[in-house]
Amino acid sequence: MASGGDSFATYVDMLRAFHTRRFAAARESIEQENRAVPPPPPPLETPTASPPPRATNLADDRNQSLINSLRSAALTPQETETCLQSLTSVMTSSEDEDAALFQEVISEFNGSELQRMASLLTSNNDHYFLEIARNKNGSIRLHKLLGKSDDADTFFLASILRHFLHVMTDKHAAYLATQGMRVFSHEKRMAMRDQLLYHAVPLACDRYGCVALNAIISDVAFAYCRNDLHDVIASKACLLSFDAYGNFVVQHVLKLNILRRTYDIAVSLRRHYVELSFTHKGRYVVGKLLEREETRVLVVAELLECESDKLVRLATSMYGNFVVFTALKVTRGDSFRALVNKLKPSLRLLRRSHRSITIAEILESVR
């Protein structure tokens, strides 16, 4: 029979063996799990190459698809709409790649292909043509198409004529129309001239229309229609001179310093010089007429014909004082003396107004 000490030693040995087996089993389990986990992937490298070839291919495919569509004579209505939407996007885009694509199109297309392109753009009641023409980039790109093919120009001209007033009063489209008047064939330019003369007055009274008219008035490229346009402006000078924008057109003709045109405008404005002189912009028109001897006599005669109190009101008004002062500075002889005599009885009143102090000084200097 074992003693108590031997029993305790046996118990300790059994406990030690039990824990040794548990530790070995746990370690083996951990090693198996570690062997099952895959190694971490290598670190990602920062890409240094150009965009994936597929992206470039997509852009190339889009460009080629548009070119093929423009060249095709057998598009379905849906394909035509898709083509026009894509072409409009390219022509109005500010992206360099779209500008390059458009340049490629116009450099590679022949006359018949440009004609088809113009036909497409002006289809559907000119919807896409007008949308492009009214866009800054679009107007510039359409501008490059004009004059390249007479057959294509036929479509562009027809569209412009159908919407002439709307085109010429649009900031960007007007630029396109005036280019057409430069580069179209003679027959087409004459058709545009007729519309220009017919709509000259409403164009002159429009913010952007007056700019387009002034460009035509001063450019020798429009010699074929300038004289007729001058005639219309001179005949309507009274209406235009009282208009905020039309006044600029009248002034523009006067700045050309062509005696016949200046005299025609002066005659058209007779009986309106004083009234016009009271207005901000009208005073410049009357001032221009005072610069030339041939028209000065007409203005001074009307100043002398008006009642004295009205002349004094003009001399002390915000804008009219400029006209009266100019008349005194440039007039000579009997007309000058008559003007002084008409104003001198109101010298005290003129001297008290800061607007007419220079007029009073001229009157006081005359003995």
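These legends accompany several close-up views of a predicted model.

**Figure 1. An all-helical chain, seen as a whole.** Before zooming in, it helps to have the overall picture in mind. The predicted chain contains 25 helices and zero strands. Of its 367 residues, 40% count as buried. Among contacts with a separation of 6 or more, 70% join residues that are 24 or more positions apart. Searching the whole structure for salt bridges turns up 15, and some of these appear in the views below.

**Figure 2. Helix 17 alongside helix 20.** Here residues 259-268 form helix 17 and residues 293-305 form helix 20, with an angle of about 10° between the two and their axes 9 Å apart. Helix 17 is therefore roughly parallel to helix 20, since angles under 35 degrees count as such. On the helix 17 side, look for Leu259, Thr262, Tyr263 and Ala266; their partners in helix 20 are Glu294, Thr295 and Leu298. By type, the residues of this contact comprise four nonpolar, two polar and one charged.

**Figure 3. The buried residues of helix 20 and their surroundings.** This view stays with helix 20, whose 13 residues reach 18 Å from the first C-alpha to the last, close to the 18 Å expected at 1.5 Å a residue. Its buried residues are Thr295, Arg296, Leu298, Val299, Val300, Glu302 and Leu303. Thr295 and Leu298 will be familiar from the previous figure, where both meet helix 17. Helix 17 has company here: the buried residues of helix 20 also pack against helix 18 (273-277), helix 19 (282-291), helix 21 (308-316), helix 22 (320-330) and helix 23 (333-343).

**Figure 4. A salt-bridge network that includes Arg261 and Asp231.** The side chains of Arg261 and Asp231 form a salt bridge, with N and O 2.3 Å apart. Arg261 belongs to helix 17 and Asp231 to helix 14 (residues 223-235), so this pair ties together parts that are 30 residues apart in sequence. How do the two partners compare in exposure? Arg261 counts as buried at 4% relative accessibility, whereas Asp231, at 32%, counts as partly exposed. The pair also has neighbours in the network: salt bridges link Asp231, Arg260, Arg261 and Asp264.

**Figure 5. Helix 14 and its buried residues.** Helix 14, home of Asp231, has 13 residues. From first C-alpha to last it reaches 19 Å, close to the 18 Å expected at 1.5 Å a residue. The residues to pick out as buried are Tyr224, Cys225, Leu229, His230, Ile233 and Ala234.

**Figure 6. Glu108, Arg71 and Glu113 together.** A salt bridge joins Glu108 to Arg71, and the closest N and O atoms are 3.9 Å apart. Because Glu108 sits in helix 4 (residues 96-108) and Arg71 in helix 2 (residues 53-71), the bridge ties together parts that are 37 residues apart in sequence. Glu108 is partly exposed, with a relative accessible area of 45%. Arg71 is partly exposed as well, at 35% relative accessibility. Which residues does Glu113 contact, leaving aside its neighbours within four places in sequence? They are Arg71 and Glu108, the two partners of this bridge. Glu113 itself is found in helix 5 (residues 111-121) and counts as buried, at 17% relative accessibility.

**Figure 7. Helix 6 crossing helix 7.** Helix 6 (residues 123-133) packs with helix 7 (residues 136-145) at an angle of about 110°, and the axes are 6 Å apart. The two helices are therefore roughly perpendicular to each other. Phe129, Ile132 and Ala133 come from helix 6, and they meet Gly138, Ser139 and Leu142 from helix 7. The contact divides into four nonpolar residues, two polar and no charged.

**Figure 8. Ser159 and the residues it touches.** Ser159 is part of helix 8 (residues 150-162). Is Ser159 buried or exposed? At 0% relative accessibility, Ser159 counts as buried. Not counting residues up to four places away in sequence, Ser159 touches Thr122, Asp126 and Phe129. Phe129 links this view to the previous one, where it meets helix 7 from helix 6.

**Figure 9. The Arg193 and Asp194 pair.** This last view shows a salt bridge between the side chains of Arg193 and Asp194, at 3.0 Å from N to O. Asp194 is partly exposed, with a relative accessible area of 42%.

Note on methods: Residues are numbered from 1 along each chain as its sequence is written. This is a predicted model: local features need pLDDT of at least 70, side-chain atom pairs count only at pLDDT 80 or more; totals for chains, interfaces and linings use all residues. Side-chain values use heavy atoms; hydrogens and water are left out. Axes are lines fitted to C-alpha atoms, for helices over the stretch in contact, and angles run from 0 to 180 degrees between N-to-C directions. Helices (H or I, at least four residues) and strands (E, at least two) are DSSP runs, numbered from the N terminus. Angles under 35 degrees count as roughly parallel, over 145 as roughly antiparallel, 65 to 115 as roughly perpendicular and the rest as oblique. Contact means heavy atoms within 4.5 Å. Ala, Val, Leu, Ile, Met, Phe, Trp, Tyr, Cys and Pro count as nonpolar, Asp, Glu, Lys and Arg as charged, and the others, Gly among them, as polar. A salt bridge is a side-chain nitrogen of Lys or Arg within 4 Å of a carboxyl oxygen of Asp or Glu. Buried means under 20% relative accessible area, exposed over 50%, partly exposed in between (1.4 Å probe, protein chains only). The expected span of a helix is 1.5 Å times one less than its number of residues.
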